[in-house]
Amino acid sequence: MSLVKKLAGDTAVYGLSSILGKVLNYLLVPLYTAVFAEGEYGIISELYAYTAFVMIILLYRMETAYFRFGAEKENRKDTYDTALSSILISTLLFSLAFVLLAGPFSEWIKLREEHQPLLYLLIGIWAMDVLSEIPYARLRMEGRAWRFASIKLANIGVNIGLNLFFLLACPAILSSENPTWLYSLIEPWYNPEYGIGYVFVANLIASGTAFLLLTPLVRDFRFGIDQLLWKKMLLYSSPLIIAGLAGITNEMLDRVLLKHLLPFSLEENERQLGIYAACYKLAIFMTLFTQAFRYAAEPFFFQNARNTKAPELYAAIGKYFVIMGLVAFLVITLYLDVFSLLLRREGYREGLEVVPILLFANLFLGLYYNLSIWYKLTDKTLMATWIGLGGATITVILNVWWIPIFGYMGSAWATFICYGLMAAASYFIGKNHYRLPYEWKALAIYSLLALGLFFIHGQLISTEMSAWTYEGGRVSMILAFLSLLWLSEKKKLRELLAMK
């Protein structure tokens, strides 16, 4: 098998495991929104938002440093031992410190007393996940893509299975009018009042399962740190930590700030956070499309960097990414009443107005990934840090300013503006280094048309008409948009597909 084919195959496997994993995890949203009230789901969302920040700090991008300094086989063992030893020491120290500081931290984030034990479950989850990352990186380094994917999917499968068991099966067994032998097994230990705690118990067991499946990669591990190598690795990874924190700030900070900046009671703030977080999940379809594009495009861009037609090729790919994103935007927003059924309780659906904003925000994020190829091809990766920090600054300022005034709508618009400005900054800075001939006029026309159809659909909803007329109207709008795209782009698309 050629190197290119192997790379393409591995990329497909890694992409499949990640995207399929997100899809499977997304299936928990209907479960959580059916079982938990909005405020309870808000607590889950807030704690997992903190988890995203903690994971960046605890891992301090040592897995990326392992890829960099362990690329040569003769250095791989020392690099692996140094990276894993470093992570082991820092994780143990952090975990011990957090156990001691869990009380003050829970007061700082306004976590109610009955939910404070969840922090100890989180410590276990953080430790297991962080300690697993270097063995995962080793699988990738050794090209064992299927092993990597199978463990990732096993983790997700155990998590989903235990969620269903704790949140559906156990209550059903205990409430049955005709108790079976399962009742006597479950009743002594299952506490229905524990509620959202079982979400974190399931996660902890799933993370522990993955860690156990990775133990064969730890058998030849020898504890020890090569100090000179460790300093080089830390120096290399430090800028990436900043970029990672900036990215997580753009993605997760709104779910941290809403609870603290909304001008209502603590209970109402948690309810509003739960509504926003659940509705944000409806934008996952655009996120999955963006991630799938990123997995496929990044290796493709590097493989074709020396192609004389590369700029035209990259610009065309970016154009059709936006077109496909606009189609996704139109389908989801015109059928939002159908997609909203995934939010099982009616109370969650009062926040659906954020979904179109977040869909377009994630479309900007995908465009940013396409536009940012210039700094990767020209070895100017430091620009990623500066653009990411700029985006994080915008995210912080707009959320702090707008949440008290506009509530979670302020967070949605902050996300939209942040990703839009990041894409614009990448384009205007990049055109001086690696000019790509994007067809901005065509993209502007298609975007305005999609937005126009979206607003026309909004008028249809407020108009009295039969169900058949309404259904025919939105189907016609989607078909008209697709027909226009086909008539305008079919010749160029054929030329793109024929390009070598």
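A residue counts as buried when its relative accessible area is under 20%, and as exposed when that area is over 50%. Keep those two cut-offs in mind for the close-ups below, which all come from a predicted model.

**Figure 1. Cysteine 170, a buried residue in helix H7.** Start with cysteine 170, which has a relative accessible area of 0%, so it is buried. Its helix, H7, runs over residues 145-174. Leaving aside residues up to four places away in sequence, cysteine 170 touches Phe165, Ile186, Trp189 and Tyr190. Phenylalanine 105 is another matter: cysteine 170 and phenylalanine 105 are 65 residues apart in sequence, and their C-alpha atoms sit 32 Å apart in space.

**Figure 2. Cysteine 418 and the count of disulfides.** Here we look at another cysteine, number 418, which has a relative accessible area of 1% and is therefore buried too. A disulfide is a covalent bond between the sulfur atoms of two cysteines. How many disulfides does the structure hold? The count is zero.

**Figure 3. Helix H11, with its buried residues.** This helix covers residues 266-280, 15 residues in total. From its first C-alpha to its last it reaches 21 Å, close to the 21 Å expected at 1.5 Å a residue. Because 11 of its 15 residues are buried, H11 is largely enclosed by the rest of the structure. Among the buried ones you'll find Asn269, Glu270 and Gln272, along with Tyr276, Cys279 and Tyr280. Leu273, Gly274 and Ile275 are buried as well, and so are Ala277 and Ala278.

**Figure 4. Glutamate 63 in helix H4.** Helix H4 spans residues 62-69, and glutamate 63 is part of it. Is this glutamate buried or exposed? Its relative accessibility is 11%, so glutamate 63 counts as buried. Its side chain makes a polar contact with the side chain of threonine 64, at 3.4 Å. Not counting residues up to four places away in sequence, glutamate 63 also touches Ile134 and Ala137.

**Figure 5. Serine 340, in the loop between helices H14 and H15.** Helix H14 takes in residues 336-339 and helix H15 residues 354-371, with serine 340 in the loop between them. A relative accessible area of 5% means that serine 340 is buried. What does its side chain reach at 2.8 Å? That would be the backbone oxygen of aspartate 337. With residues up to four places away in sequence left out, serine 340 touches Leu282, Arg349 and Leu352.

**Figure 6. Isoleucine 405, an exposed residue in helix H17.** Now for a residue that is out in the open: isoleucine 405 has a relative accessible area of 53%, so it is exposed. Helix H17, where isoleucine 405 lies, runs over residues 382-406. Isoleucine 405 and leucine 253 are 152 residues apart in sequence, with 17 Å between their C-alpha atoms in space.

**Figure 7. The largest cavity and its lining.** Rolling a probe the size of a water molecule over the atoms shows where empty space is left. In this structure there are two cavities of 30 Å³ or more, and the largest has about 60 Å³ of space. Which residues line the largest cavity? They are Leu371, Trp374, Ser426, Tyr427, Gly430, Lys431, Tyr434, Arg435, Leu436 and Tyr438. Helix H18 (residues 408-430) gives the most to this lining, with three residues.

Notes: Residues are numbered from 1 along each chain as its sequence is written. This is a predicted model: local features need pLDDT of at least 70, side-chain atom pairs count only at pLDDT 80 or more; totals for chains, interfaces and linings use all residues. Side-chain values use heavy atoms; hydrogens and water are left out. Helices (H or I, at least four residues) and strands (E, at least two) are DSSP runs, numbered from the N terminus. The expected span of a helix is 1.5 Å times one less than its number of residues. Buried means under 20% relative accessible area, exposed over 50%, partly exposed in between (1.4 Å probe, protein chains only). A disulfide is a pair of cysteine sulfur atoms within 2.5 Å. A polar contact is a pair of N or O atoms within 3.5 Å; within protein, one must be able to donate a hydrogen and the other to accept it, and residues adjacent in sequence count only if both atoms are side-chain atoms. Contact means heavy atoms within 4.5 Å. On a 1 Å grid over the protein atoms alone, a cavity is a set of points where a 1.4 Å probe fits but cannot get out, and a pocket is an open set with protein on both sides within 12 Å along at least five of seven lines; lining residues have an atom within 4 Å of a point. Grid points are joined across faces, edges and corners, and a volume is the space filled by probe spheres set on the points.
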